Amino acid sequence: MSFVDLHCHSTASDGALAPRDVVRAAHDAGLTGLALTDHDTVAGCADAQDEAHILGIDFICGIEISCEYPRPGTLHLLGYGVDPQSPILHDLTRRLIAGRSERNVKIIAALREQGVAITLDEVLDQSKGGTVGRPHFASILLRKGYVSSVTEAFKKYLGQTGTAYADKETVSARQAIEMIRQSGGLPVLAHPVQLKKDNFGQLTNAVKELVDYGLAGIEVIHSDHREMLIDQLIELANRYDLLPTGGSDFHGSSKPHVRLGWAGNRRIPREMFDRLLARA
Ligand code: AMP
Ligand code: FE
Ligand code: FE
Ligand code: ZN
């Protein structure tokens, strides 16, 4: 059997490893295929692609786009095989990153008001030039001793019910699906569990709506998915002719329990990579 990982993050967003190091880690883990899916950017793809070529691993340039969604859910779309040079994609990522910049200022203001000593420069430093995400804030809060874990940082300050939560300007799922397609990519719903639907019927309806907009696939295997959900999602993929995909959602040290190439005790079969590539 040959295994892959279709969902992972690098320092181009909130991952801990540089893009080349993610590819090296995939190679060390024996994977034969990898997709880099950083939040709202393809900035890591060129390095990762080059390293993959050197090491003889197959590579897909991907992206993970945060979309508008009613609370308490979150909707992330994966875009596989997007053209990193696409002007449409550049427009979209520029908009999303501008939305994040505005949010960063709001989060810092809220934290400082609560007596937390944190500056924008510290956050930008932490993000090493990549897409700034809340995990960067969490790392600083942890380092300075305001919290004792990343989980606590989200619970207390950064999560939807935290005291420093701020919304950011995003994009509708419909628009993101269209723009991923216009950039040559395949839109895939990431970790459907995070839509936080009460039951499978509601989840089915939500997926159906995305299918109507042009969704091409659904992430079936993911570190947050239990076995029963995986089975249900496979059924959903079959029903709507969606490509089933899988990934660990590896971030490195900010999510230490997630191993590259693994989602719980599952691995991601090579077939998922090949089917994606065939349709991209
Ligand atoms: P952002 O992109 O800034 O909205 O931050 C979302 C990212 O934060 C996700 O992609 C995860 O990497 C991370 N995240 C969200 N919730 C948690 C949590 N409770 N604990 C740890 N990391 C989280
Ligand atoms: Fe993340
Ligand atoms: Fe995500
Ligand atoms: Zn992710």
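Four donor atoms surround the zinc ion (ligand 4), and the angles they subtend run from 80 to 170°, so the arrangement is irregular. Four donors would need all their angles between 85 and 135 degrees to count as tetrahedral. Keep in mind that you're looking at a predicted model. Here's a quick tour of the zinc site, followed by a stop at the surface.

**The zinc site**

- The protein atoms holding the zinc ion (ligand 4) come from H7 (NE2), H9 (NE2), E64 (OE) and D249 (OD), and they sit 2.0 to 2.3 Å from the metal.
- If you trace these donor residues along the sequence, their spacing reads H-x1-H-x54-E-x184-D.
- Distant parts of the chain get linked here: H7 belongs to the loop between β1 (3-5) and α1 (19-28), while E64 is in strand β3 (residues 58-67), 57 residues apart.
- There's another metal to look for, as the iron ion (ligand 2) lies 4.7 Å from the zinc ion (ligand 4).

**Buried or exposed?**

- H7 has a relative accessibility of 0%, so it counts as buried.
- E64 comes out at 1% relative accessibility, and therefore it counts as buried too.
- The cut-off behind both calls is that buried means under 20% relative accessible area.

**Out on the surface**

- V105, L120 and L124 make up a nonpolar surface patch of about 230 Å².
- To find V105, go to helix α3 (residues 87-113).
- V105 has a relative accessible area of 49%, so this residue is partly exposed.
- To be called exposed, a residue has to be over 50%.

Note on methods:
Residues numbered from 1 in each chain as written. Chains lettered and ligands numbered in written order. Predicted model: local features only at pLDDT ≥ 70, side-chain atom pairs only at ≥ 80, totals over all residues. Heavy atoms only, no water. Donors = N, O, S within 2.8 Å, 3.2 Å for Na, K, Ca; no water. Tetrahedral: all angles 85-135°; square planar, octahedral: opposite > 155°, others 65-115°. Helix = DSSP H or I, 4+ residues; strand = E, 2+ residues; numbered from the N terminus. Buried < 20%, exposed > 50% of the residue type's maximum accessible area, 1.4 Å probe, protein only. Patch = residues over 30% accessible without salt bridge, like charges linked within 9 Å, V, L, I, M, F, W, Y side chains within 5 Å. Areas by Shrake-Rupley, 256 points an atom, 1.4 Å probe, with all protein chains shown as cover. Salt bridge = Lys/Arg side-chain N within 4 Å of Asp/Glu carboxyl O.
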